[in-house]
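Biologist: Thanks for sitting down with me. Shall we go through the interfaces together, chain by chain and then domain by domain?

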Protein chains: 4
Amino acid sequence: MALTGVMRPGHCQLRVLDLEESVHFYQDVMGLQLVGRDRSNRVYFKCLDERDHHSLVLRQSERAGMDFYAFKVSSRAALDQLEADLRAYDVATERIPAGDLLETGERVRFQAPTGHLFELYADKKHVGNPMGTHCPEAIIDGRRGISPLRLDHWQIHGSDLDGSRDLFCDVLGFKVAERVLTEDGQGDMAVWMSCSHKAHDIAFVRDTRDNTLHHAAYLLGSWEGVLKAADIMTIHRASIDEGPMRHGITKGTTIYAFDPSGNRFETFCGGYDFYPDMEPTVWTLEEFGRGVFYHSRRLNERFLTVVT
Amino acid sequence: MALTGVMRPGHCQLRVLDLEESVHFYQDVMGLQLVGRDRSNRVYFKCLDERDHHSLVLRQSERAGMDFYAFKVSSRAALDQLEADLRAYDVATERIPAGDLLETGERVRFQAPTGHLFELYADKKHVGNPMGTHCPEAIIDGRRGISPLRLDHWQIHGSDLDGSRDLFCDVLGFKVAERVLTEDGQGDMAVWMSCSHKAHDIAFVRDTRDNTLHHAAYLLGSWEGVLKAADIMTIHRASIDEGPMRHGITKGTTIYAFDPSGNRFETFCGGYDFYPDMEPTVWTLEEFGRGVFYHSRRLNERFLTVVT
Amino acid sequence: MALTGVMRPGHCQLRVLDLEESVHFYQDVMGLQLVGRDRSNRVYFKCLDERDHHSLVLRQSERAGMDFYAFKVSSRAALDQLEADLRAYDVATERIPAGDLLETGERVRFQAPTGHLFELYADKKHVGNPMGTHCPEAIIDGRRGISPLRLDHWQIHGSDLDGSRDLFCDVLGFKVAERVLTEDGQGDMAVWMSCSHKAHDIAFVRDTRDNTLHHAAYLLGSWEGVLKAADIMTIHRASIDEGPMRHGITKGTTIYAFDPSGNRFETFCGGYDFYPDMEPTVWTLEEFGRGVFYHSRRLNERFLTVVT
Amino acid sequence: MALTGVMRPGHCQLRVLDLEESVHFYQDVMGLQLVGRDRSNRVYFKCLDERDHHSLVLRQSERAGMDFYAFKVSSRAALDQLEADLRAYDVATERIPAGDLLETGERVRFQAPTGHLFELYADKKHVGNPMGTHCPEAIIDGRRGISPLRLDHWQIHGSDLDGSRDLFCDVLGFKVAERVLTEDGQGDMAVWMSCSHKAHDIAFVRDTRDNTLHHAAYLLGSWEGVLKAADIMTIHRASIDEGPMRHGITKGTTIYAFDPSGNRFETFCGGYDFYPDMEPTVWTLEEFGRGVFYHSRRLNERFLTVVT
């Protein structure tokens, strides 16, 4: 295969302060499909167009934030090879047995220098999407909620951005698609990285607060879908951080908002295709505001301060 | 890198009956950028968002159609490996020297069982897009013509579909994303194949006419862009084959039209992400019409008969 | 008021061959709200954004087509005046008592020279739309079906186009917004007429078949809504006549399709504002095809032959 | 005619601090067509789809703001009648001779209780739009700038809102489409008024600053046009006040921004049709924020304080 190794963000486990309120939110406002609960009372969701069993796991906790971030890899052999590569890079790995998460095979877990727990896995039950794979219809009529197509990427913060960036480049095969330089222009304040030809599969921002989540991002089908998402957020009085708007970085159109626990999420559309032969786009720190908020051209206070 | 080997369609050389009329068409109606002419009087074009030197080469000829189809690969090492793999698969290869096409490195050429000439190459001059990679703007105002973002894929016809499909799967790392079965349900009438996570980078359709082109496809940014494309075709009295409409296969929205030489092209938007772990979508021959023309649900005569 | 007299198309009574099949169609595919049935077993519907009780009445019959077309006028005084004006123009009028149609006041009925029965009325129960008029939300989430905003206009055919056109201009205050000339350029083959600042509230086409319906048109909110309408038609295997496409005449974007009885309808969006001080747009018969089907630029056979 | 008397906003004369900078702005950023300069060095512009000679007049001044607001009426007879009606209502009127504004007939000027100068006129030279009225094309390719379709409405502020509202209702035939109540619920804080079936042709907001402009609004064709407007504003570093977003009031989608003199303008799309038989939509002061800024649900400081 031309796309091998790490393929895409596969799932993440999100801590929420009130499980049932969050189940309501992700089901009725976000419009995700509830696909299961496990014995630890974790609740599982998938997006409309995803074919694997789940992409979001909610866990009740006294503190919001993300427990771990998982990428699906192309095969068990790739999983073994990537684990070996991680160890060769002096990264400790742990095997989480199959079945720990519903319908999910063995996972290889490691901690990145920014403090975040990552996982790789090769197997998750194919449950398909509601359109199916036999002479399917193109859409599902009457969907309720924002109903994104799929989990797309995460933006996460930590101090050793360089360490995580290099680990993702050197071991996991990611490429930097866009970067914001530090004030002196000598280092990276933020990097958007791709393991595919999406403009980003993950973004790291330099921040003293290790192992923090800025947002999890969900893909919509159009700019009109972005408007509908904002309308639905208002109908449900969900807290919008900023948007609808465009990003300068990746050029996608988007809304940032918060779930009931204060976890930021993004519902976005578009962005260009980034292939590994392309040079990264570079932003000065001065233009970071326009990079993120292309229309207002200034970072809002919440963007810089609120992480979970 | 997670995306290695064959990355994407990179360029193709199209035969046109009247070069200057075609230059006008691809420049003013399609809105491509003319980037050069070579000593053989071939004319080179690139799309708005492409960063390499060109993606379309026009050559005057007495017969319309496509001379060859080229994929960019991730590195020279990948090029050498793929050439070795092709030979190991008993496919003859030829090296076209660097510089034969403007600003393009060495190409490895081979013929597929359906009769088409394919090329692989690793090097082409990066010329960038007009937005640039330093604190870029998101759009270019006042673009004229259809102005697609990039060359996306080709649909080509030939009798030994099985042979070409297997070659692309077994040697080049493609996966079948969607297929239309033959009437008896035992074979493939058509396959849409991906070397990335696009729903298709190439499509083969079984047809007694070997080495023929059904269409070259160009990507647009939105369904409103599809409308604008149709409007511009009408303003210039370009010949629309069908559309605006949606495809059932890939679920994109689209128009088929003809260039002045009768070469069909597609200007389309959307389509889902196909990853290599996904099962192909399967269509019966009976539903082929809805698969291609989702709204009219019947193949028009031209779709089946006109190739160049 | 600056908008007085005839305000807008208010309702029409459509003959259908199988009432329950049609109720299913207009409710589940078109996404209209069923608001009542009367003692004559007529079924009443309204569109999402309409505030009056109904805009469509279905009546079972052995022959498809439209019984009558009704415009709402601005007041009872306006109704009386318009009736007097009609009679002064030698048009016979009839008063249909209040309550003949559910929740509807007295109607003034007359026959136009093209054979169609028209009605004027001033009173219909305000039932409101689901968003309400007190601090409303902007949208309703999870609507099923095409769910147009409102009834917009009708295109109807008959031989004495000149007579109906003049009656609508001279007595009812309509203006011709666009016209297609007859082959000799001396008369009107078709006229699009406005009683407001919409590009058309009614259109007449010259046709030997008097008192026939070409289509009833329903308004959508966007070109993406037109796409969704086409997708929903396909999901339900409704018969699409042509589209999605753009009109040259009025410049709207649109689909023509058929209900289960063969009555054509249109789901469209857009079109410019036409004010009474504007000169009509004129089309030659030669360009009629592009006027109606802006992208294909030719009238299809059904457009010219199928009326009910 | 069914639409008689006051038809629509026709033109306004805007004071700008630096004429040439403003000419550049309205021509290149807004994408209006410069149609003339007069002996007083006023500069005239029209929008893409407008057919009359101009809709915007710029005048250099040391203070930003609007000199006067003009509505086109349906005929000279209507102009005379409306002047008589104004005088009968004890409103002083003045006749400005034909030719005072380029290509414009006699204007009737009066001052509204909120301090604003209004004008009515019946005649302005028809210059047509670039598509024409003979077998026109549907769009113009390659337009630069925001390129709105037409001037749509104004929001203006003053203390005697009741007086202006009543004058517009009682004499000019406007209807209140939406209103925001004062805190005690007994009066109007703001009213959106229509002389047609647009959701608003003018809006008055209660404010101690008489004769002030909140914004002049220009119509776009789609939500994607709103995005493009915001992108173009950023490319030119125009000052965006808020948006892209949706209004709760009128339900349109929109951006507020400032011209180089600090005059706010709106580029918007959509909004429902309001006919004179409809009840006004009522908002409490508490929900005013959601009414204007449907997504953020709070009035920003600038919205309340900046007028010119």
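Biologist: Do the copies meet through the same surface or through different ones, and what percentage of the interface residues of chain B are also interface residues in chain A?

Modeller: Happy to start there, and please keep in mind that this is a predicted model. The contact takes 46 residues from chain B and 46 residues from chain A. The copies meet through the same surface, because the share of interface residues of chain B that are also interface residues in chain A is 100%.

Biologist: Which kind of axis relates chain B to chain A?

Modeller: Chain B can be laid on chain A by a turn of 180° with a shift of 0.0 Å along the axis, and the RMSD is 0.0 Å. Leu3(B) is the residue of chain B that comes closest to this rotation axis, its C-alpha lying at 2.3 Å. The turn and shift therefore give the relation of a two-fold axis.

Biologist: Which residues of chain B lose the most area to chain A?

Modeller: The area buried between chain B and chain A is about 4,200 Å², with 56% coming from carbon and sulfur atoms. On the side of chain B, three residues together make up 15% of what is buried there. They are Ala2(B), Arg51(B) and Asp277(B).

Biologist: How many salt bridges are there between chain B and chain A?

Modeller: Let me begin with one example: Arg290(A) and Glu137(B) meet through their side chains at 3.3 Å, N to O, inside the 4 Å cut-off for a salt bridge. Polar contacts between chain B and chain A come to 29 residue pairs. By class, the side of chain B that touches chain A holds 21 nonpolar, nine polar and 16 charged residues. The salt bridges between chain B and chain A number eight.

Biologist: Turning to chain C and chain D, which strands of chain C give two or more residues to the side that touches chain D?

Modeller: This contact takes 46 residues from chain C and 46 residues from chain D, and about 4,300 Å² is buried between them. There are eight salt bridges between chain C and chain D; one of the pairs joined in this way is Arg8(C) with Asp277(D), at 2.8 Å from N to O. Polar contacts link 29 residue pairs across chain C and chain D. The strands of chain C you ask about are E1 (6–16) and E17 (281–283).

Biologist: Now within one chain: how many salt bridges cross the interface of domain 1 and domain 2 of chain A?

Modeller: The domain assignment of chain A gives domain 1 (6–121) and domain 2 (150–305), and their centres are 20 Å apart over C-alpha atoms. The two domains bury about 3,200 Å² between them, with 71% of it on carbon and sulfur atoms. Residue pairs in polar contact number 10 between these domains. For salt bridges across this interface of chain A, the count is zero.

Biologist: Which element gives the most residues to the side of domain 1 of chain A that touches domain 2?

Modeller: That side divides into 28 nonpolar, eight polar and seven charged residues. Elements giving two or more residues to it include helix H1 (19–29), strand E5 (65–73) and helix H2 (76–88) of chain A. The element that gives the most, with 10 residues, is E1(A).

Key: Residues are numbered from 1 along each chain as its sequence is written. Chains are lettered from A and ligands numbered from 1 in the order in which they are written. This is a predicted model: local features need pLDDT of at least 70, side-chain atom pairs count only at pLDDT 80 or more; totals for chains, interfaces and linings use all residues. Side-chain values use heavy atoms; hydrogens and water are left out. Contact means heavy atoms within 4.5 Å. Buried area is the accessible area (1.4 Å probe) that two parts lose on being put together, summed over both. A polar contact is a pair of N or O atoms within 3.5 Å; within protein, one must be able to donate a hydrogen and the other to accept it, and residues adjacent in sequence count only if both atoms are side-chain atoms. Ala, Val, Leu, Ile, Met, Phe, Trp, Tyr, Cys and Pro count as nonpolar, Asp, Glu, Lys and Arg as charged, and the others, Gly among them, as polar. Copies are superposed by least squares on the C-alpha atoms of residues with pLDDT of at least 70 in both. Helices (H or I, at least four residues) and strands (E, at least two) are DSSP runs, numbered from the N terminus. Domain bounds come from an automatic or database domain assignment.
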